[in-house]
Amino acid sequence: MAVNIWRVPLSDLQFGDKENQAVLNVLHSRWLTMGTITSEFELRFAEEINSKHAVAVTNATAALHLACLSLGIGEGDEVILPSLSFVATANAVLYCGATVRFADIIGSEELTISPQSIEDSITPRTKAIIVMHYAGFPCRMNEILEIASRHRLVVIEDSAHAPGAALNGQSLGTWGDIGCFSFFSNKNLVTGEGGMLVTNQDDLAERARLLRSHAMTSLTLDRHLGHAFSYDVVDLGYNYRIDEMRSALGLVGLEQLDKNNARREFITRTYWRAFSDSRLGLPFKESAFEKNQSCAYHIFPILLPSNISRDGFMHHLRENGIQTSIHYPPIHKFSFYQNRFKDISMPITERVASHQVTLPLFSSMNDEQLDFVINSVGEALEESII
Ligand SMILES: *Cc1c(COP(=O)(O)O)cnc(C)c1O
């Protein structure tokens, strides 16, 4: 069944013979759960981003949860993170019994967590900072790591948007203590569900590996290969394992990551050029050019001027078969969080989030689709003036 009803969807996949063959090879091998293909995927991913360890898991939410657990985050601890992110960033902290402290973003030109707001949110209970590289653009890691070391805090990078991105030549995800990547269906590297935890610290990797599979001292594969007959359970672990079909897709995706990210960059720069004389706010446009960055261009955010109705704008594009989205409704505004975190004011996040729209961006988006979106955005703006 074709599920794509859009002329230009928000994101799309381009799978072909390589992906089909990779999955078929796994099926024919008759070993479907975490095994040698997964080990190879971990090895290649670690090489790609120059990290000492990579631990493949079932999704990035699981990676974030394991990151918090491995770093000893628990009851009584506070973790600072941006409210302008996907809810998983905050949920992972609550899973551990710790508390969230939401921080604001820098501004409408840079939608990542503000170092000043981090500094303002620190209390004696603060244990960690989770940063999120919005759209694959780097957070201000030098300033953030300086704050972290001054206050003895650990740093987790939610790098769900950022596979293949780097800051000053160093891959995102390897700046903090642990980095977490997502391979969900709309991300830059896709396995369907899937995620990766990366770290340069041996003890953290060992703990994440243990907790990924019920803290069992031997794996099913070890027993199958005759390396072990039984096992002990040495902690409260989880089943966060990935399977071999997904890891096989991940290996193919890794080969194409640079090429796909380059196409995403081209589309982003074409959008920026086309909209440079419009009244649209274009986050990251200046920062990306000025700093020594290589970005992952995961999504394309715009900020509407205040005389434009966002509903009207998105509605007009939908009528043209163009799918748009909002990244993100601030986490502290969701009912679940609002009830637990009262009296929070996050002025920049709230202002940006209320004007933000995400336009289609995916590596297989063709030039005709790109032109069509650009022209339609011009029309939609004219038709949704309040
Ligand atoms: C997609 C995403 C996640 C969660 O990833 P899953 O693999 O779906 O669990 C976490 N954080 C951010 C910023 C994301 O975009």
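In the predicted model, G72, just after helix α3, takes a positive phi of about 75 degrees. Helix α3 itself, spanning residues 60-70, is mostly covered, with 10 of its 11 residues buried; these are A60, A62, A63, L64, H65, L66, A67, C68, L69 and S70. At the opposite end of the helix from G72, N59 acts as the N-terminal cap of α3, a side-chain oxygen of N59 lying 3.1 Å from the backbone nitrogen of T61.

Helix α3 also contributes to the surroundings of the ligand, since α3 and α4 (88-95) each supply at least two residues of the shell around the ligand. This shell comprises 16 residues, of which A60, T61, D158, S182 and K187 come nearest. Polar contacts are formed with the ligand by several side chains, including that of T61, a polar atom of which lies 2.5 Å from an oxygen atom of the ligand. A second ligand oxygen contact involves K187, with a polar side-chain atom placed 3.2 Å from an oxygen atom of the ligand, whereas for D158 the partner is a nitrogen atom of the ligand, found 2.7 Å from an N or O atom of the side chain. On its own the ligand has 380 Å² of accessible area, and the protein covers 93% of this. The space that the ligand takes is the largest pocket of the model.Strand β11 (residues 195-199) is largely enclosed by the rest of the structure, because five of its five residues are buried. In a regular strand, side chains alternate between the two faces of the sheet. In β11, G195, L197 and T199 point one way, while M196 and V198 point the other way, and all of these residues are buried. Strand β11 pairs with β1 (residues 53-57), to which it is joined by five bridges in the antiparallel sense, and in this pairing H53 stands opposite T199. Strand β10 (residues 178-182) likewise pairs with β11, the two strands running antiparallel over four bridges, with F181 standing opposite M196.

Further antiparallel pairing is found elsewhere in the model. Strands β4 (residues 105-107) and β5 (residues 110-113) are paired in the antiparallel sense over two bridges, and a hairpin of two residues joins β4 to β5. Within this pair, G107 stands opposite E110. An open sheet of three strands, with antiparallel pairing, has the order β9-β8-β12. Its edge strands are β9 (170-171) and β12 (293-294), each of which pairs on one side only. Strand β8 (residues 166-167) is joined to β9 by two bridges, the two strands running antiparallel, and L167 stands opposite Q170 in β9.

Attention may also be given to several individual positions. In helix α1 (residues 17-29), S29 is partly exposed, with a relative accessible area of 43%; a polar atom of the S29 side chain lies 2.7 Å from the backbone oxygen of V26. Most residues other than glycine have a negative phi, and most peptide bonds are trans. Against this background, N50 has a positive phi of about 60 degrees although it is not a glycine. The position of N50 is in the loop between α2 (36-49) and β1, and at 64% relative accessibility this residue counts as exposed, the cut-off being over 50%. H214, also not a glycine, has a positive phi of about 55 degrees and is placed in the loop between α7 (202-212) and α8 (220-224). With a relative accessibility of 36%, H214 counts as partly exposed. As for the peptide bonds, the one leading from H327 to Y328 is cis, with omega near 5 degrees, and Y328 is found in the loop between α11 (310-319) and α12 (335-340).

Conventions
Residues numbered from 1 in each chain as written. Predicted model: local features only at pLDDT ≥ 70, side-chain atom pairs only at ≥ 80, totals over all residues. Heavy atoms only, no water. Buried < 20%, exposed > 50% of the residue type's maximum accessible area, 1.4 Å probe, protein only. Pairing = 2+ DSSP bridges. Near = heavy atom within 4 Å. Polar contact = N/O pair within 3.5 Å; in protein donor to acceptor, adjacent residues only side chain to side chain. Areas by Shrake-Rupley, 256 points an atom, 1.4 Å probe, with all protein chains shown as cover. 1 Å grid on protein atoms, 1.4 Å probe; cavity = no way out; pocket = protein on both sides within 12 Å on 5 of 7 lines; lining within 4 Å. Sits in = over half its atoms within 2 Å of the grid points.
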